[in-house]
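Colleague: Could you walk me through this structure? Short answers will do.

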Amino acid sequence: IFINKTIKYVKLSTSSIKDITSFVGVNRNTFYYHFEDINALIKWIIEEDTKDVKTKFGALYNAFQYGT
């Protein structure tokens, strides 16, 4: 998702919703349609960034645990 790639360049701790939406080129309504607040955005970014790692380590864990 576009926002996930570009948001890494915005300092979230000191940014407002207006700063973030201006940076990624969406309006505030669009932001609030998808996220409750900046914390929800941060949580989503972390979940998206770690999804692939969880999948790979899950498969590795199962291979060791169950010999598959």
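**Rings, core and a helix**

Modeller: Let me begin with the rings. This is a predicted model, and it holds three aromatic pairs.

Colleague: How are the rings of Phe-31 and Phe-35 arranged: stacked, tilted or edge-to-face?

Modeller: The ring centres of Phe-31 and Phe-35 lie 5.4 Å apart, and their planes meet at 45°. Planes under 30 degrees apart would count as stacked, and over 60 as edge-to-face. An angle of 45° fits neither, so the pair is tilted.

Colleague: What about Phe-35 and Trp-44: what kind of aromatic pair do they form?

Modeller: Their centres are 5.6 Å apart, with 65° between the planes. The edge-to-face class takes angles over 60 degrees. The pair of Phe-35 and Trp-44 is therefore edge-to-face.

Colleague: Which residues do the ring pairs link into a cluster?

Modeller: Phe-35 pairs with Trp-44, and Phe-31 pairs with Phe-35. Tyr-32 also belongs to the cluster. The full set is Phe-31, Tyr-32, Phe-35 and Trp-44.

Colleague: Are Phe-35 and Trp-44 buried or exposed?

Modeller: Buried means under 20% relative accessible area. Phe-31 and Phe-35 are both in that class. Phe-35 and Trp-44 are both buried.

Colleague: Which helix gives the largest share of the largest nonpolar core?

Modeller: That core has eight residues: Ile-17, Ile-20, Phe-31, Phe-35, Ile-38, Leu-41, Trp-44 and Ile-45. Helix 2 and helix 4 (38–66) each supply at least two of them. The largest share is four residues, and it comes from helix 4.

Colleague: Turn to helix 2. Within what arc do its buried residues fall?

Modeller: The buried residues of helix 2 are Ile-17, Ile-20, Thr-21 and Val-24. They line one face of the helix. On the other side, Lys-18 and Ser-22 are exposed. Seen down the axis, the buried residues fall within an arc of 95°.

Colleague: What is the relative accessible area of Thr-21?

Modeller: Thr-21 is found in helix 2, residues 17–24. Leaving aside residues up to four places away in sequence, Thr-21 touches Val-26, Asn-27, Arg-28 and Phe-31. Thr-21 counts as buried because its value is under 20%. The relative accessible area of Thr-21 is 4%.

Colleague: Which residue takes a positive phi just after helix 2?

Modeller: Helix 2 covers residues 17–24. Just after it, a phi of about 80° appears. The residue is Gly-25.

Key: Residues are numbered from 1 along each chain as its sequence is written. This is a predicted model: local features need pLDDT of at least 70, side-chain atom pairs count only at pLDDT 80 or more; totals for chains, interfaces and linings use all residues. Side-chain values use heavy atoms; hydrogens and water are left out. Helices (H or I, at least four residues) and strands (E, at least two) are DSSP runs, numbered from the N terminus. Buried means under 20% relative accessible area, exposed over 50%, partly exposed in between (1.4 Å probe, protein chains only). Contact means heavy atoms within 4.5 Å. A nonpolar core is a set of buried Ala, Val, Leu, Ile, Met, Phe, Trp, Tyr and Cys residues joined through side-chain atoms within 4.5 Å. Rings of Phe, Tyr and Trp (its six-membered ring) pair if their centres lie within 6.5 Å; planes under 30 degrees apart count as stacked, over 60 as edge-to-face and the rest as tilted. The arc is that of the directions from the helix axis to the C-beta atoms.
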